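Open the model in a viewer and keep the selection tool at hand. The stops below go chain by chain, with what to select and what is there.

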Amino acid sequence: MSHIHIDIHELSFSYEKDTPIFDKLSVSFHEHDAVGLIGANGAGKSTFLKLLVGLETAQSGSIRIEEIPVEKKTLPKIREKIGYVFQDSDTQLFMTTVRDDVAFAPRNYSLPEEEVNSRVERALSLVHIPHLADKAIHKLSGGEKKLVSLATILSMTPDILLMDEPSIALDPRNRKNLIHILNEFDHLKVIASHDLDFIWDTCNRILLLDHGAIVADGPAEEILQDEALLTAHGLELPLSLTGRTHVACEESVKFARA
Amino acid sequence: MHMADALIIPATAGVMYAASGAAAAYSIHKVRQEHAPEKIPVMGVMGAFVFATQMINFTIPGTGSSGHLCGGLLLSAILGPYAGFLTMIGVLLVQCLFFADGGLLALGCNIWNMAFYGCFVGALLIWKNIMQNGASKKKITIASILGCVITLQMGAFSVCMETYLSGVSSLPFGAFLAAMLPIHLAIGLVEGLITAAVLCFIYESRPELLWGIGWNSAPKARFSLGKTLGILAAAAAAIGGILSLFASALPDGLEWALERVAGTAELPAAGAAFDAAQSIQNKTSFLPDYALPGSESAAGTTVSGLVGALITAAVCVAVALAFHFFRNKKAGSGRKAIG
Amino acid sequence: MSRIANAERSLKKLDELARQDTWLNRVHPLVKLLVTILYLVLVVSFQPRQLTGVLGMALYPFLLFEISGLSFKDALYRLRVVLPVVCMVGILNPFFDREPALSLFGITITGGVLTMLSLMVKGILTVLASYLLIASTTVESVCSALSMLHIPGILVTEFLLICRYVSVLLNEADRMTQAYALRAPGQKGVAPKAWGSMIGRLLLRSMDRSAELYQSMCLRGFRQEQPLFRQKSFCASDFFYLAVWTFILICLRIFPVLEILGGLFL
């Protein structure tokens with residue numbers, strides 16, 4: 001068994017006093033886990049990810065990343081180990097060119113310029129877009145922006161990768177491309193999404209959240225095929241597992257005619 | 001209200017850069033004091049926001065025409081006057097560089113005319129004093145309209161002043177003012193109404209975003225109306241002083257303009273100030289009135305000059321045509337080689 | 001085309017030009033900025049009647065346009081903002097200043113006409129010079145030049161972010177006005193009823209976006225006062241460019257070059 005990379009112990013968090021988001025939540029992730037964090041809208045997926053990188057602070061309980069507790073004074077160290085890709089690429093990418101944006105984090109950690117450059121090259125080739133290096137951000141397509149966002153995180157060579165709704169606004173080809181790249185990333189990754197097909201293609205372990213509680217935690221093959229469990233918590237079987245795509249289409253045609 | 005470079009002379013540009021620079025330095029000092037690094041992305045995004053909203057046309061009821069937003073007061077009512085002022089500098093720089101809206105040299109003037117008045121007078125003086133005992137929609141409307149109208153009038157007055165002191169227009173100062181102020185009264189009114197509408201919406205949906213509300217209940221109001229007025233008057237006097245110093249130091253433009261109006265080229269300048277001006281003049285005399293000894297007009301345009309211009313233009317056009325000819329030929333042969 | 005789409009298009013166009021790989025684009029941004037400022041100062045320092053002196057300054061934009069291959073037509077398009085204002089200020093000069101200044105082939109030209117013409121020429125030249133600067137310099141180069149001039153980091157970062165998010169916000173504003181126009185046919189702009197909620201909503205969204213942006217910057221090690229760019233170093237050709245233009249421009253300002261030239265032919 002590989003060693004534990006993220007350890008969460010009795011974590012409680014709320015935005016407002018009387019409505020807790022998480023109540024004494026405990027879970028741990030290992031080095032090669034590919035965790036799919038699933039749940040309906042408002043289940044607490046994004047908040048969970050933000051707690052891990054210290055963008056939100058828990059009221060009680062503890063989070064340890066590679067044995068380091070997440071606290072205000074350890075944040076710079078934590079954030080070197082853990083990368084977070086935002087849902088909106090336009091938020092993630094704030095410099096004007098791809099190269100400057102990917103180099104932003106390495107420069108902030110005061111690496112020498114040669115090291116910064118080699119990290120930029122490596123990060124861009126990891127996501128197969130070295131040709132975009134000198135392009136202006138505002139000229140990228142949605143899919144390219146997502147890949148650049150990922151590269152800006154990979155340039156920090158993180159041990160852990162967190163992604164919030166990575167598949168939103170991607171066309172089929174970009175989506176397939178992203179799945180391929182994520183599967184190449186051999187470290188711990190946590191992907192929050194309600195796109196269950198995407199999760200099915202990228203994750204081996206599933207964490208099902210509902211109203212801030214973990215209602216299921218297990219191998220992807222088990223949970224993603226458990227239709228009763230998924231529907232009970234506001235989700236549906238991944239389309240690729242239903243074989244009902246046609247039926248759904250016919251239903252909607254009927255609906256449109258009526 | 002954006003001034004072009006052609007409307008000013010270096011002395012005006014320098015003075016206004018100095019004035020705006022001082023206000024910017026003070027604002028940066030204030031923003032740094034707040035220790036709020038999260039304000040930097042807010043300033044960036046809000047600057048882009050102001051720029052984008054300036055592009056939206058607003059129908060003005062009953063006129064068929066449309067108005068736009070300028071944004072100084074709006075920004076300051078959200079970010080506070082200091083961060084608002086710095087944001088407006090960024091917006092004006094973007095407009096100047098990318099859209100030729102106002103010149104690079106005139107940026108100091110434009111920052112002063114549009115950002116300084118809007119943020120410091122509009123927000124620090126008018127908005128804050130009206131809001132100090134808490135806000136209401138009525139108060140927001142009054143503060144917005146009052147703030148926009150007054151600051152735009154001040155801005156328009158400054159535009160006239162700067163153009164006039166630069167001596168590029170033969171228009172008498174009074175006539176210039178008579179043309180500028182009424183137009184900007186209307187513009188200010190519309191801008192005030194738009195600002196009021198937006199701020200009222202914010203007040204209803206997320207009032208905590210508004211700056212300077214109910215500060216009187218806080219331990220101590222740091223600026224009284226009188227004190228702020230005093231500071232503004234001192235600033236105005238200082239700038240007026242520096243301007244007139246430069247005016248007496250640099251004989252071109254300014255003096256020429258004054259000569260037209262007053263019939264005299266001499267400005268009253270006394271003692272130390274005059275000496276200082278003299279030394280500045282000596283230092284800046286690398287730009288003498290150019291003229292060859294014995295040419296027809298010492299400081300103006302000569303016939304030989306115009307003829308020279310014509311010849312140069314002809315040569316330039318010929319060179320350009322030749323250049324294009326050879327370039328096209330080269331490109332053509334290149335294409336042939338590829339094909 | 002709407003103002004918004006227009007602004008988007010011209011931003012895009014300028015960005016494309018600035019990212020080309022031409023010799024003018026490769027000149028150090030600080031050098032280009034300094035030469036441009038020197039040029040602007042010298043042009044506006046001419047006295048109102050020195051029309052020929054101002055005309056001589058046309059050499060700088062003329063040469064740069066020729067050598068850089070930038071389109072003169074695109075630059076002229078920018079004049080539409082500036083010229084009307086400049087003309088409005090200058091157009092009355094001939095009426096107020098009727099003193100004859102010189103006589104050319106039997107026609108008397110008054111001081112007012114001279115000052116009006118030189119004002120217009122100044123207006124055109126200054127706009128062209130700024131265009132040459134920005135059409136050959138990317139946003140990040142402008143920022144690095146500004147920080148080399150010791151402009152505080154707050155302002156430089158803010159300027160960079162404005163440039164980055166202008167296109168994003170223009171896009172949002174465009175979608176909003178389109179959605180509005182589709183539901184309000186026949187209206188020329190946005191009616192007063194919707195002023196507050198429309199701009200207000202855009203404002204709230206921008207505030208939320210900037211909050212998230214700050215988080216994203218923090219996660220990647222952002223601190224308040226740090227340089228965002230490695231500063232580019234100068235090379236010999238940069239010094240050469242600076243020296244040559246400084247020399248030429250100051251010569252054009254001090255010596256009546258055109259008059260000497262014309263004197264040879266008269």
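Two strands count as paired if DSSP finds at least two bridges between them. The model is a predicted one.

**Chain A: strands 1, 4 and 5**

Start with strand 1 of chain A, residues 4–16, and add strand 4 of chain A, residues 60–65. These strands pair in the antiparallel sense, and five bridges hold the pairing. To see one of the bridges, select Ile8(A), whose partner in strand 4 of chain A is Ile63(A).

Next, add strand 5 of chain A, residues 68–69. Strand 5 runs antiparallel to strand 4 of chain A, and two bridges join them. Show Arg64(A) and Pro69(A), which are bridge partners. The two strands form a hairpin with two residues between them. In the turn, select Glu66(A), which has a positive phi of about 45 degrees.

**Chain A: the six-stranded sheet**

Now select strands 6, 7, 8, 3, 9 and 10 of chain A, which form an open sheet in the order 6-7-8-3-9-10. The pairing in this sheet is mixed. Which strands stand at the edges of the sheet? They are strand 6 (82–85) and strand 10 (213–219) of chain A; each has a single partner strand, so one side of each is left without a neighbour in the sheet. From one strand to the next, the twist averages 15 degrees.

Within this sheet, pick strand 3 of chain A, residues 34–38, and strand 9 of chain A, residues 205–210. Their pairing is parallel, over four bridges. Ile38(A) has Leu208(A) in strand 9 of chain A as its bridge partner.

Stay on strand 9 and turn to strand 10 of chain A: these two run antiparallel and are joined by six bridges. One of the pairs to show is Leu209(A) with Ile214(A) of strand 10. Here too there is a hairpin, with two residues between strand 9 and strand 10 of chain A. His211(A), in the turn, has a positive phi of about 45 degrees.

**Where chain A touches chain C**

Show chains A and C together. How many residues of each chain are in contact? There are 23 residues of chain A in contact with 21 residues of chain C. On the chain A side, select helix 2 (75–81), helix 3 (89–92) and helix 4 (98–108), each of which supplies at least two residues. Helix 4 of chain A gives the largest share, four residues. By class, this side of chain A has twelve nonpolar, seven polar and four charged residues.

**Chain B: helices 2 and 3**

Move to chain B and select helix 2, residues 39–54, with helix 3, residues 72–79. Their axes come within 11 Å and cross at roughly 150 degrees. Angles over 145 degrees count as roughly antiparallel, and the two helices of chain B are therefore roughly antiparallel to each other. The crossing of helix 2 of chain B past helix 3 of chain B is right-handed.

Show the side chains of Val42(B), Met43(B), Met46(B) and Val50(B) on helix 2 of chain B, and of Leu75(B), Ile78(B) and Leu79(B) on helix 3 of chain B; these residues make the contact. By class, they are seven nonpolar, no polar and no charged.

**Where chain B touches chain C**

Add chain C back: 96 of its residues are in contact with 87 residues of chain B. On the chain C side, select helix 11, residues 192–219, which gives the most, with 16 residues. This side of chain C has 59 nonpolar, 26 polar and eleven charged residues.

**Chain C: domains, then helices 9 and 10**

Colour chain C by its two domains: domain 1 is 20–137 + 233–266, and domain 2 is 140–231. Their C-alpha centres lie 34 Å apart. Four residues from domain 1 of chain C and five residues from domain 2 of chain C make the contact. On the domain 1 side, these are three nonpolar, one polar and no charged.

Last, select helix 9 (residues 139–148) and helix 10 (residues 153–183) of chain C, which pack at an angle of about 170 degrees with their axes 10 Å apart. That angle makes helix 9 of chain C roughly antiparallel to helix 10 of chain C. Show Val139(C), Cys143(C), Leu146(C) and Ser147(C) of helix 9, which meet Gly153(C), Val156(C), Phe159(C), Leu160(C) and Cys163(C) of helix 10. This contact has seven nonpolar, two polar and no charged residues.

Notes
Residues are numbered from 1 along each chain as its sequence is written. Chains are lettered from A and ligands numbered from 1 in the order in which they are written. This is a predicted model: local features need pLDDT of at least 70, side-chain atom pairs count only at pLDDT 80 or more; totals for chains, interfaces and linings use all residues. Axes are lines fitted to C-alpha atoms, for helices over the stretch in contact, and angles run from 0 to 180 degrees between N-to-C directions. Angles under 35 degrees count as roughly parallel, over 145 as roughly antiparallel, 65 to 115 as roughly perpendicular and the rest as oblique. Two residues are in contact if their C-beta atoms, placed from the backbone, lie within 7 Å. Ala, Val, Leu, Ile, Met, Phe, Trp, Tyr, Cys and Pro count as nonpolar, Asp, Glu, Lys and Arg as charged, and the others, Gly among them, as polar. A crossing is left-handed if the near helix is turned anticlockwise from the far one by less than a right angle, and right-handed if clockwise. Domain bounds come from an automatic or database domain assignment.
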